[in-house]
Amino acid sequence: MYGGLHALVWTGMPALEKLVVIRDPGIHLGIDFDAQETRAEGELGISIRLGTLIAVGTQLAVPAIGWLRRFMKRRRMPPASKAADNKAAEHPAA
């Protein structure tokens, strides 16, 4: 299992490094032969620049706001069949 975990981590790292900048990849896989059970633990630290955070937030917010506006507009409008029934009830045939 230890060798498979190493293969997984170090095969995935080059692909991850193509997507994001990793300044200091500090990955260490240790093994304790005296442990009674298998255990895994780890730490992850993420830092992001303010400009990047604003850019990502804007890219996510613009489509979300458009979707929300369309959703609210559809919710306020009555269904087409009800609108036709209401018009017929208001103006009965003579």
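The expected span of a helix is taken as 1.5 Å times one less than its number of residues. In the predicted model examined here, helix 1, which covers residues 2–19, has 18 residues and reaches 26 Å from its first C-alpha to its last, close to the 26 Å expected at 1.5 Å a residue. This agreement in span is accompanied by a bend of about 30° at methionine 13, with a proline, proline 14, following within four residues.

The secondary structure of the chain as a whole comes to three helices and zero strands, so that, by the assignment of such runs from the N terminus, the elements follow the order α-α-α. Of the 94 residues in the chain, 3% are buried, and the accessible surface comes to about 9400 Å², with 61% of that area belonging to carbon and sulfur atoms.

The loop between helix 1 and helix 2 (50–76) contains isoleucine 22. Isoleucine 22 has a relative accessible area of 26% and is therefore partly exposed, given that buried residues are those under 20% and exposed residues those over 50%. Although 24 residues separate isoleucine 22 from isoleucine 46 in sequence, the two lie 9.9 Å apart in space, C-alpha to C-alpha.

With regard to empty space, the largest pocket holds about 1700 Å³, and its lining is formed by 34 residues, of which Gly26, Ile27, His28, Glu43 and Leu44 are the closest to the pocket centre. Helix 1, already described for its bend at methionine 13, gives the most to this lining, with five residues. By residue class, the lining of the largest pocket divides into 18 nonpolar, eight polar and eight charged residues.

Terms used
Residues are numbered from 1 along each chain as its sequence is written. This is a predicted model: local features need pLDDT of at least 70, side-chain atom pairs count only at pLDDT 80 or more; totals for chains, interfaces and linings use all residues. Side-chain values use heavy atoms; hydrogens and water are left out. On a 1 Å grid over the protein atoms alone, a cavity is a set of points where a 1.4 Å probe fits but cannot get out, and a pocket is an open set with protein on both sides within 12 Å along at least five of seven lines; lining residues have an atom within 4 Å of a point. Grid points are joined across faces, edges and corners, and a volume is the space filled by probe spheres set on the points. Helices (H or I, at least four residues) and strands (E, at least two) are DSSP runs, numbered from the N terminus. Ala, Val, Leu, Ile, Met, Phe, Trp, Tyr, Cys and Pro count as nonpolar, Asp, Glu, Lys and Arg as charged, and the others, Gly among them, as polar. The bend at a residue is the angle between axes fitted to the seven residues ending there and the seven starting there. Buried means under 20% relative accessible area, exposed over 50%, partly exposed in between (1.4 Å probe, protein chains only). Accessible areas come from the Shrake-Rupley method with a 1.4 Å probe; for residues, only the protein chains shown count as cover.
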